[in-house]
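Colleague: I'd like to learn how to read cavities and salt bridges in a model like this one. Can you walk me through them?

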Amino acid sequence: MAGSATTVMRSMVGRSLRLVAGRPWFGICLLLLLALVVLGPMLNVFLWAFTRNWAYPSLLPTVWSIEFWDDTFARADILEGFIASVWISLIVTGLSAVICLPAAYAFARMQFPGRTFLLLSFLATNAFPRFGLYITIAVIFFRLRLIGTVPGVVLIQLVNTLLFMIWIPTAAFQGVDRALEEAALDVGASPLRVFLQVTLPLVAPALAAALLLTFIGTFYETQGALLVGVPEVRTLPVVMIRLINNQVIVQYGAILSVALWVPSLLLLIFAQRVLRGNTIASGFGV
């Protein structure tokens, strides 16, 4: 009898949940909850960037102001951190392109033993707990006297570029119609000319998206730059952490976040329009 009662109860609960889930208002509530969770922190940062005072329990700032904007961008450490971040990001992106793009072409056009294993190994660097990986690398860099140097920061940030700079270009090269290349070869074009005038223009949007994603990821990378770069190399994210920890002025971090969010959003929108949803999977050949 107890078992039958439990079965009936479960059936009634399941039927009730299905009825509730089928209501339009249920989907709207879930959408509002998702928007609150995702957009709430972003809205909070945006409001703090234009606030002088915001006291609990007010839902909105009690005193609006832009006075902290001048103070933020007048700081010498922020300007130095921005310049350091830009230069390091450019160096890392350039080195990653030189190292990874030929490898991506080989993965796309050649079949060799261990190809799948190597592709998965690049993915594993992003699946492995990043902080533990950085600590291990930092110990090695300490022995090599790379701690507190730009080369050390560049090398550790190259680890973050492997997924974008290997898998996305590999998928792009695999997507090129070989018939176009063969037609160019048939009319007398050299392999180099075919690559420059046929293959490269076709994959250029995907390569540009990979480069942009690599630059953005390097610019905002914090853990590796903090472990390896201190005390001499201070990128902008490291400076932001120190500002918040030392002075507890929320506006500094909020203003920098808003100022850097706009160009990053534009670059990510461009990358999203170029890349297909299955680009990473295509790099694996599935």
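Colleague: Let's start with empty space: what volume does the largest cavity have?

Modeller: Rolling a probe the size of a water molecule over the atoms shows where empty space is left. Here the largest cavity has a volume of about 30 Å³. A cavity is a set of points, on a 1 Å grid over the protein atoms alone, where a 1.4 Å probe fits but cannot get out; points are joined across faces, edges and corners, and the volume is the space filled by probe spheres set on them. Before we go on, this is a predicted model: local features need pLDDT of at least 70, side-chain atom pairs count only at pLDDT 80 or more, and totals for chains, interfaces and linings use all residues. Residues are numbered from 1 along each chain as its sequence is written, and side-chain values use heavy atoms, leaving out hydrogens and water.

Colleague: Which residues line the largest cavity?

Modeller: Lining residues have an atom within 4 Å of a cavity point. Ser85, Ile88, Ser89, Gln157, Thr218, Phe219, Glu221, Thr235 and Pro237 do so here. They split into three nonpolar, five polar and one charged, with Ala, Val, Leu, Ile, Met, Phe, Trp, Tyr, Cys and Pro taken as nonpolar, Asp, Glu, Lys and Arg as charged, and the others, Gly among them, as polar.

Colleague: And which helix gives the largest share of that lining?

Modeller: H4, with three residues. Both H4 (76-109) and H10 (191-220) supply at least two. Helices (H or I, at least four residues) and strands (E, at least two) are DSSP runs, numbered from the N terminus.

Colleague: On to charges: how many salt bridges does the whole structure have?

Modeller: Side chains of opposite charge can pair when their charged atoms come close. The test is a side-chain nitrogen of Lys or Arg within 4 Å of a carboxyl oxygen of Asp or Glu. A search of the whole structure finds three. One of them joins Arg52 and Glu67 at 3.6 Å, N to O; Arg52 sits in strand E1 (residues 51-53) and Glu67 in helix H3 (residues 67-73), 15 residues apart.

Colleague: Are Arg109 and Glu181 buried or exposed?

Modeller: Both are buried, meaning under 20% relative accessible area (exposed is over 50%, partly exposed in between; 1.4 Å probe, protein chains only). Arg109 and Glu181 form a salt bridge, with their closest N and O atoms 3.1 Å apart. Arg109 lies in helix H4 and Glu181 in helix H9 (residues 178-186), so the pair ties together parts 72 residues apart in sequence.

How values were computed. On a 1 Å grid over the protein atoms alone, a cavity is a set of points where a 1.4 Å probe fits but cannot get out, and a pocket is an open set with protein on both sides within 12 Å along at least five of seven lines; lining residues have an atom within 4 Å of a point.
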